[in-house]
Amino acid sequence: MTVLEPKTSFEVSNKGFYGRFGGAFIPEMLYPNVEELRQNYLAIMADPTFQTEFRALLTDYVGRPTPLFLAERLSNEIGATIYLKREDLCHTGAHKVNNTIGQILVAKRLNKQRIVAETGAGQHGVATATVCALMGLECIVYMGEIDMERQQPNVDRMRMLGATVVPAKSGSKTLKDATNEAMRHWINNPVDTHYIIGSVVGPHPYPDMVARFQSVISEEIRTQLLEKTGHENPDYVVACVGGGSNAAGAFFHYLHEPSVRLVAAEAAGLGVSSGHSAATTALGKPGVLHGSRTILMQTDDGQVTEPYSISAGLDYPGIGPLHAHLFDSGRGDFYAIEDDEAIRAGFQLSKLEGIIPAIETAHALAALPKMNLQASDVVVVCLSGRGDKDLATYSKYL
Ligand SMILES: *Cc1c(COP(=O)(O)O)cnc(C)c1O
């Protein structure tokens, strides 16, 4: 493992970099939009009236603070003290709404009337359509035509919430094509539209802005752990990483606490070497993806490799630049979890604790037996979402 320099920073630099990752590698046409956001996001977020409104919605609409639950039966099974941070109890069933609430309030302060977003499995689209309904803003969600067929219930949810779902019919008709078309929409409507990105990915300032909105997760963990154990620091914080937003939120207030190990679970699909995987740090190399320099899965000549995971939320060929830096610097431990291991961990939590986790979240749980935990260790697992949406997949294993 790399020995960390005491001066190693995990905060974003002025130019939007985490170590050698990050930045804003965008077409010139997109520059005015991204620059407007970059110049304003910190001041908007620091404004006390913004904070009051954001906090009130997190409490009264999202249902925060989410509980920190001591999972006693799971703890006995694993042989360490395991706490679960219950983001699955957020309104809409996952952590994503923390970010969409924050971004819609930013959009309103920038006088935007319309929201555009892309979605793969539909979870981010639903979280975006939800807050647009709440605020009465027009919502346009681009979704690959193939994904629309695969994820019909989420398409119906978005439409019921008043959003327009536009099929992306180009290329492979999946997430990356939806992203391209959403970008094109934003380029053509720079003045009245805000683009809500769903994870700590994309050009600066998105990774930092999304991490700050999600940082409410670790802010609450610190207070809750202090109340329950007398210490605000656990030995480990564990989260799954698709783009990395629930992990960034769970890690945020521990980034500069070297005694807290940060553990990321990536989706290995059918196996790291199987050709059907989304284990980015195991398989990827540095390159530029969706506007930032990060680690991504690519061919020798730099074409993005099609990822695979049983879990739609982790089926992404890259990770956010913060996570690339955590990996590169040795600050984070990255585990590659196969589909079957995740499914087993999902069933284990359901039977031991009466909580059916999202399959994304089950990847984080499956890292626990691999971590060589001691009986005295205190571990917090970020339970990013609930498993209702995944029943059709789980039921194949019943
Ligand atoms: C979308 C999603 C993820 C993956 O996104 P991150 O940005 O990596 O957090 C994880 N868990 C759930 C439940 C999700 O919906």
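**Exercise 1. The four-strand sheet**

How many bridges join strand S5 to S8, and do the two run parallel or antiparallel?

Solution. Start with the ground rules. This is a predicted model, where local features need pLDDT of at least 70, side-chain atom pairs count only at pLDDT 80 or more, and totals for chains, interfaces and linings use all residues. Residues are numbered from 1 along each chain as its sequence is written, and side-chain values use heavy atoms, with hydrogens and water left out.

Step 1. Fix the terms. Strands (E, at least two residues) and helices (H or I, at least four) are DSSP runs, numbered from the N terminus. Two strands pair if DSSP finds at least two bridges between them.

Step 2. Read off the pair. S5 (residues 114-119) is joined to S8 by 3 bridges, and the two run parallel. Take one bridge: Arg114 has Thr193 in S8 as its partner.

Step 3. Place the pair in its sheet. The open sheet has 4 strands in the order S7-S6-S5-S8, with parallel pairing. S7 (164-168) and S8 are the edge strands, and each pairs on one side only. From one strand to the next, the twist averages 25°.

Step 4. Add a helix. Helix H8 (residues 175-188) lies across S5, S6 (138-144), S7 and S8. H8 runs at about 160° to S5. Such angles run from 0 to 180 degrees between N-to-C directions, with axes fitted to C-alpha atoms, for helices over the stretch in contact. Contact means heavy atoms within 4.5 Å.

**Exercise 2. The six-strand sheet**

Give the strand order of the mixed sheet, then find its edges and the helices on it.

Solution. Step 1. Strands of a sheet pair through backbone hydrogen bonds, either parallel or antiparallel. Here 6 strands form an open sheet in the order S3-S4-S14-S9-S10-S13, and the pairing is mixed.

Step 2. S3 and S13 (332-338) each have a single partner strand, so one side of each is left without a neighbour in the sheet. The twist averages 25° from one strand to the next.

Step 3. Look inside the sheet. S9 (residues 236-240) and S10 (residues 261-269) run parallel and are joined by 5 bridges. Val237 stands opposite Leu262 in S10.

Step 4. Add the helices. H10 (residues 216-229) packs on the sheet and touches S3, S4 and S14 (378-382). Its direction makes about 140° with that of S4. H15 (residues 359-367) lies across S4, S9, S10, S13 and S14, at about 145° to S9.

**Exercise 3. The second largest pocket**

Which residues lie nearest the centre of the second largest pocket?

Solution. Step 1. Define the space. On a 1 Å grid over the protein atoms alone, a pocket is an open set of points with protein on both sides within 12 Å along at least five of seven lines; a cavity is a set where a 1.4 Å probe fits but cannot get out; lining residues have an atom within 4 Å of a point. Points are joined across faces, edges and corners, and a volume is the space filled by probe spheres set on them.

Step 2. This pocket has a volume of about 340 Å³. Its lining has 15 residues, and Thr92, Gln123, Val126, Arg157 and Arg386 lie nearest the centre.

Step 3. Trace the lining. H5 (123-135) and H7 (152-160) each supply at least two residues. H5 gives the largest share, 4 residues.

Step 4. Return to Thr92. Thr92 sits in the loop between S4 (81-85) and H4 (96-109). Most residues other than glycine have a negative phi, and most peptide bonds are trans. Thr92 is not a glycine, yet its phi is positive, about 75°.

**Exercise 4. Cavities and cis bonds**

How many cavities of 30 Å³ or more does the rule give?

Solution. Step 1. The count is 2.

Step 2. The largest cavity has a volume of about 40 Å³. Its lining includes Asn33, Trp186 and Thr193. H1 (31-46) gives the most, with 3 residues.

Step 3. The second largest cavity holds about 30 Å³ of space. His204 and Pro207 are among its lining residues.

Step 4. Follow His204. Its peptide bond to Pro205 is cis, with omega near 15°. Pro205 lies in the loop between S8 and H9 (206-214).

Step 5. Find another cis bond. One joins Arg64 and Pro65, with omega about -5°. Pro65 lies in the loop between H2 (48-62) and S3 (68-70).
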